[in-house]
Amino acid sequence: MSEAAPAPELVQLFRAARAAGRPQDLADALPYAGFLGVETSLVEGRLRVLLPFRQMLVGNPFLPAIHGGALGGLIELAATLELIWRHDTERLPKVVTTTVDFARSGQPRALLAEATVTRIGRRIATVGVRLWQDDATRAIATGQAHFLLS
């Protein structure tokens, strides 16, 4: 199975974003990030991803609670952005698996995510992610994603 390298301008965009310290440029280049409307920033050197609340994210209107798929999608997206931010590559990392552990219901407000690259090998990278809302010490969900690098 061969995978085409991303367009040279995309690789250059990622490199320029890292060099300039502008993580939002990474998010702006990924269509799913644009669809969700995520905002990225650097907080004390860490990449932080903000998912603004929108009514379309509610999965259970009786609680109301944010849909688990939105939480899982944010975990995968935050892991992808962190890996691209920290690891220079000629190819986009390909998600192999994503695991999500739900801790509590996400309330109808903005979500924050931070990811940490826990392992980078020659072919596989592992990234852990934590989601929260008002209190960074109270995770809404945590997750882990594995990526194929080549």
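## A briefing on salt bridges, helices and loops

D88 and R18 pair up in a salt bridge, with 2.7 Å between the closest N and O atoms. Because D88 sits in the loop between α4 and β5 (94-102) while R18 belongs to helix α1, this pair ties together parts that are 70 residues apart in sequence. Please keep in mind that you are looking at a predicted model. Its mean pLDDT over the chain is 92, and 95% of the residues reach 70 or more.

**Confidence along the chain**

- The lowest confidence is found in helix α1 (residues 8-20), where the mean is 88.
- At the other end of the scale, strand β7 (residues 124-132) has the highest confidence, at 98.

**Salt bridges**

- How many salt bridges does the model hold? The count comes to eight.
- D88, the loop partner of R18, is partly exposed, since its relative accessible area is 43%.
- E114 and R46 meet through their side chains in another salt bridge, at 2.9 Å from N to O. This pair links distant parts of the chain, as E114 is in strand β6 (residues 111-120) and R46 is in strand β2, 68 residues apart.
- Is E114 buried or exposed? With a relative accessible area of 7%, which is under the 20% limit, E114 is buried.
- R46, on the other side of that bridge, counts as partly exposed because its relative accessibility is 33%.
- R130 also forms a salt bridge with E114, and here the closest N and O atoms are 3.6 Å apart. R130 lies in strand β7 and E114 in strand β6, so this bridge ties together parts that are 16 residues apart in sequence.
- R130 has a relative accessible area of 28%, so it is partly exposed.
- Which residues are joined when salt bridges share partners? R46, R48, E114 and R130 come together in one network.

**E82 in helix α4**

- E82 is found in helix α4, which covers residues 68-86.
- Its relative accessibility is 4%, so E82 counts as buried.
- What does the side chain of E82 meet? A polar contact of 2.8 Å joins it to the side chain of R86.
- Setting aside residues up to four places away in sequence, E82 touches L47, A115, T116, V117 and V127.

**D25 in helix α2**

- D25 has its place in helix α2, residues 23-29.
- Is D25 counted as buried or partly exposed? Its relative accessibility of 21% makes D25 partly exposed, because buried is reserved for values under 20%.
- The side chain of D25 makes a polar contact with the side chain of R22, at 2.9 Å.
- Once neighbours within four places in sequence are left out, D25 is in contact with L13 and A17.
- The C-alpha atoms of D25 and F14 are separated by 7.5 Å, and the two residues are 11 residues apart along the chain.

**A nonpolar patch on the surface**

- Which residues make up the nonpolar surface patch? They are Y32, F35 and M56, and together they have about 340 Å² of accessible area.
- M56 comes from the loop between β2 (46-51) and β3 (58-60).
- M56 counts as partly exposed, because its relative accessibility is 49% and exposed requires over 50%.

**Backbone details worth a look**

- The peptide bond leading from L63 to P64 is cis, with omega near -20°.
- P64 is placed in the loop between β3 and β4 (65-66).
- Which residue has a positive phi although it is not a glycine? This is E44, with a phi of about 50°.
- E44 lies in the loop between β1 (39-43) and β2.
- With a relative accessible area of 80%, E44 is exposed.

Definitions and conventions
Residues are numbered from 1 along each chain as its sequence is written. Side-chain values use heavy atoms; hydrogens and water are left out. Helices (H or I, at least four residues) and strands (E, at least two) are DSSP runs, numbered from the N terminus. Buried means under 20% relative accessible area, exposed over 50%, partly exposed in between (1.4 Å probe, protein chains only). Contact means heavy atoms within 4.5 Å. A polar contact is a pair of N or O atoms within 3.5 Å; within protein, one must be able to donate a hydrogen and the other to accept it, and residues adjacent in sequence count only if both atoms are side-chain atoms. pLDDT is the predictor's confidence in each residue, from 0 to 100. Patches are made of residues with over 30% relative accessible area and no salt bridge: like charges are joined within 9 Å, nonpolar side chains (Val, Leu, Ile, Met, Phe, Trp, Tyr) within 5 Å. Accessible areas come from the Shrake-Rupley method with a 1.4 Å probe; for residues, only the protein chains shown count as cover. A salt bridge is a side-chain nitrogen of Lys or Arg within 4 Å of a carboxyl oxygen of Asp or Glu.
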